[in-house]
Amino acid sequence: MAVVAELSSSSSYTKSTRLHSSQCSISSTHLSYLRRRTFRPVTRPRAATITCSVASDQVQAPIAIQAADPNSKNDCYGVFCLTYDLKAEEETKSWKKTINIAVSGAAGMISNHLLFKLASGEVFGADQPIAMKLLGSERSFEALEGVAMELEDCLFPLLREVKIGINPYEVFQDADWALLIGAKPRGPGMERAGLLDINGQIYAEQGKALNAVASPNVKVIVVGNPCNTNALICLKNAPKIPAKNFHALTRLDENRAKCQLALKAGVFYDKVSNMTIWGNHSTTQVPDFLNARINGLPVKEVIKDQKWLEEGFTEKVQKRGGVLIKKWGRSSAASTAVSIADAIKSLVTPTPEGDWFSTGVYTTGNPYGIAEDLVFSMPCRSNGDGDYELVKDIIFDDYLLQRITKSEAELLAEKRCVAHLTGEGVAFCDLPEDTMLPGEM
Ligand SMILES: NC(=O)C1=CN([C@@H]2O[C@H](COP(=O)(O)OP(=O)(O)OC[C@H]3O[C@@H](n4cnc5c(N)ncnc54)[C@H](OP(=O)(O)O)[C@@H]3O)[C@@H](O)[C@H]2O)C=CC1
Ligand SMILES: O=C([O-])CC(=O)C(=O)O
């Protein structure tokens, strides 16, 4: 027989845990505490529901009953409900003000690597406390709890708060950074236009939520594919946030390109600099070997094999994701997480003299003649304040311009295909057939 009982206590966080006996499951809210050095619990009521299947001859103990609040899924998680008195702690006196980092797709593969790097301090710095706001869905909520439990168990000193939730309007509240990773993967037989529409709707919704509740100067990095067009949709739905603040992640492509040039030149990859990825995070992307440098020299002076540069190198970078999926059985997660960390570090630390980095950013006002009103990967520099400027001293040749034009045409076609999501009228999809996400080949 089944016994259903509710426990009396307090909180606003709802979770489900399976008991060790495997005969009972608990749907409980988490105890919330006021965070002080002494970790004194606050007397907020907690509620829990326990369902047990027991044999009819077993004695059933009466259990106290009080209503739960099953709708509230966005509050502090576990140990992160404890408040530390920062002033009382000598070592924290030099810490900066806590920043809020929102992450969507937080229960996914990429996040499973990224969150721990963020919490460790290696991205924002050893004096930068962070609060994590993790967005999941009904589908992923239990997994998200698992993620939060692992974060608890890491005892990261800089991780001051973790919240999990399924409503972007709650999770994105006061976000200083929004790392938007969640997206539906393209399944077998799904048209690219279908993927653009499904994921575009996610990014339109999240753009609206950011517009409504995030910090007005929030920096947004869109990872979920197709990331350039998702970023465009997101920024169009967030008119209060500067368009310049939205990025589409192409740092993984930059890192892949550096690796291939280093391999060919027989140097370690720290010798490769000034690497631009132009355009879309797709197989039309253009890894720019004309402006890149190896040991400070133009690539073409070090690698004299033009055919390899134009064909072998370019295609290898464009299709690296797909080759990896064939081998690994899933898309790049660890290297993507590292590249997100790199992308953030490039914005919060000054760019080394003479160098630059690639990121997909808003084209309006660009000095290269690329169509306006797209999100296009271009070379950028930062003084470390989270902002960036486009690099001006870039050279072009016919090959480079021709390739850039192809990627630009693809993004213009994607944009027409999502006009219903950017507020620009009726969508019309005429996507070039030969172009794909890096993982789709
Ligand atoms: N820009 C780049 O360089 C790269 C981008 N990517 C892209 O990043 C994204 C995330 O990759 P990864 O973390 O490996 O993927 P996972 O499949 O592990 O996680 C993706 C998350 O997306 C969420 N999601 C949102 N909507 C849907 C939906 N309709 N169906 C299924 N899941 C959905 C899910 O979380 P929830 O249920 O909580 O919403 C899920 O946890 C993908 O779009 C991938 O193509 C990957 C590598 C490189
Ligand atoms: O297509 C994917 O999901 C993977 C991807 O973007 C990449 O590896 O660059």
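Start with the whole chain on screen: 441 residues, of which 52% count as buried. What you have open is a predicted model. Colour by secondary structure and you should get eleven helices and 19 strands. The accessible surface comes to about 19,800 Å², with 54% of that belonging to carbon and sulfur atoms. As for how the chain folds back on itself, take the contacts between residues at least 6 apart in sequence: 72% of them join residues at least 24 apart.

**Stop 1: strand 6 and its partner**

Select residues 99–104, which make up strand 6. Six of its six residues are buried, so this strand is mostly covered. Turn on the side chains and look along the strand. I99, I101 and V103 point one way, while N100, A102 and S104 point the other way, and all are buried. That fits the usual pattern: in a regular strand the side chains alternate between the two faces of the sheet.

Now add residues 130–135, strand 7. Six bridges join strand 6 to strand 7, and the two run parallel. To line them up by eye, find A102 and look across to K133 in strand 7, its bridge partner.

**Stop 2: P129**

Step back to P129, in the loop between helix 1 (109–120) and strand 7. Is P129 buried or exposed? Its relative accessible area is 0%, so P129 is buried. Show what lies around P129: leaving aside its neighbours within four places in sequence, it is in contact with W95, K96, K97, T98, I99, L158 and R160. Pick K97 from that list and draw a distance between C-alpha atoms: P129 and K97 come out 6.9 Å apart in space, though they are 32 residues apart in sequence.

**Stop 3: the annotated domain**

Next, select residues 250–420. An unreviewed UniProt entry annotates this range as "domain: Lactate/malate dehydrogenase C-terminal". Over these residues the chain is 46% helix and 16% strand, and the end C-alpha atoms are 25 Å apart.

Hide everything but strands 12, 15 and 16. They form an open sheet of three strands in the order 12-15-16, with antiparallel pairing. The edge strands are strand 12 (272–273) and strand 16 (297–298), each pairing on one side only. Two bridges join strand 12 to strand 15 (residues 293–294). For one of the matched positions, select V272 and its bridge partner I294 in strand 15.

**Stop 4: strands 17, 18 and 19**

Bring up residues 375–381, strand 18. Six of its seven residues are buried, so strand 18 is largely enclosed by the rest of the structure. Strand 17 (residues 357–362) is joined to strand 18 by six bridges, and the two run antiparallel. T359 stands opposite M378 in strand 18. Strand 19 (residues 389–390) also runs antiparallel to strand 18, joined by two bridges. To find that pairing, go from C380 to L390, its bridge partner in strand 19.

While you're here, show Y388 and K244. K244 lies over the face of Y388, at 4.8 Å from the ring centre.

**Stop 5: an aromatic cluster**

Switch on the aromatic side chains. The structure has eight aromatic pairs by ring-centre distance. One of them is F289 with Y399, a tilted pair at 5.5 Å centre to centre, with 40 degrees between the planes. Which parts of the chain does this pair link? F289 is in the loop between strand 14 (286–288) and strand 15, whereas Y399 is in helix 10 (residues 398–417), 110 residues apart. F289 has a relative accessible area of 3%, so it is buried. Y399 also counts as buried, at 14% relative accessibility, because the cut-off is under 20%. Add W308 and F313 to the selection: ring pairs link them with F289 and Y399 into a cluster.

**Last stop: E414**

Stay in helix 10 and move along to E414. At 0% relative accessibility, E414 counts as buried. So what is around this residue? Leaving aside neighbours within four places in sequence, E414 is in contact with R192, L196, P226, T229, N280 and L431. Show those side chains together with E414 to see its surroundings.

Note on methods:
Residues numbered from 1 in each chain as written. Chains lettered and ligands numbered in written order. Predicted model: local features only at pLDDT ≥ 70, side-chain atom pairs only at ≥ 80, totals over all residues. Heavy atoms only, no water. Buried < 20%, exposed > 50% of the residue type's maximum accessible area, 1.4 Å probe, protein only. Helix = DSSP H or I, 4+ residues; strand = E, 2+ residues; numbered from the N terminus. Pairing = 2+ DSSP bridges. Phe/Tyr/Trp six-rings, centres within 6.5 Å; stacked < 30°, edge-to-face > 60°. Lys NZ or Arg CZ within 6 Å of the ring centre and 35° of its normal. Contact = heavy atoms within 4.5 Å. Areas by Shrake-Rupley, 256 points an atom, 1.4 Å probe, with all protein chains shown as cover. UniProt positions renumbered as here; feature names shortened; annotations may be inferred.
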